[in-house]
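Please work through the following exercises with the sequence and the model in view. Each task is followed by a solution in steps.

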Amino acid sequence: MPLVMNSYEASHSIHPILSRVARSMHLTRLEIMWLIDWPSSLPMIMTGARLAIASSLLVSVTSEMLLSTNGIGTYLQRSQETFRIDAGLAGIAFISLAGIVVNSAMAWLERRWLFWHYRDKTGE
């Protein structure tokens, strides 16, 4: 849902003057989409993707707790039931580490794919 909402909002937040200028330069609709709409929307779409990945990690662990017979969510549930606090904390640490790794990978991809967006913000 965050990806859809960010994509929708990104497509509606493009300044209308950009499209008018592109039309005055006789660009086709496909060229306007490729040269103006897509680069303008991509930073918000990537942010939505990062939020969606974080949400999917939380939902997958929660659904494993409720519906699965094995997985990290079930491991946490069994640790809680048997009062193995150390195992539960290890599972939480694993989930946290996985989240940090996935978020760092997405941030790296975002900086790599959107180098033009971050170039002005870093002072290069």
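**Exercise 1: The span of a helix**

Determine whether the end-to-end distance of helix α5 (residues 85-113) agrees or disagrees with the expected span.

Solution. Helices are DSSP runs of H or I with at least four residues, numbered from the N terminus. The expected span is 1.5 Å times one less than the number of residues. For the 29 residues of α5 this gives 42 Å, and the end C-alpha atoms are 42 Å apart, so the two values agree.

The model is predicted: local features need pLDDT of at least 70, side-chain atom pairs count only at pLDDT 80 or more, and totals for chains, interfaces and linings use all residues. Residues are numbered from 1 along each chain as its sequence is written, and side-chain values use heavy atoms, with hydrogens and water left out.

**Exercise 2: Buried or exposed**

Classify Thr74 and Arg20 as buried or exposed.

Solution. Buried means under 20% relative accessible area, exposed over 50%, and partly exposed in between (1.4 Å probe, protein chains only). Thr74, in helix α4, has 6% relative accessibility and therefore counts as buried. Arg20, in helix α2 (residues 16-24), is exposed because its relative accessible area is 53%.

**Exercise 3: Contacts**

Identify which residues Thr74 contacts, leaving aside its neighbours within four places in sequence.

Solution. Contact means heavy atoms within 4.5 Å. With those neighbours left aside, Thr74 is in contact with Glu64, Met65, Ser68 and Thr69.

Definitions and conventions: Helix = DSSP H or I, 4+ residues; strand = E, 2+ residues; numbered from the N terminus.
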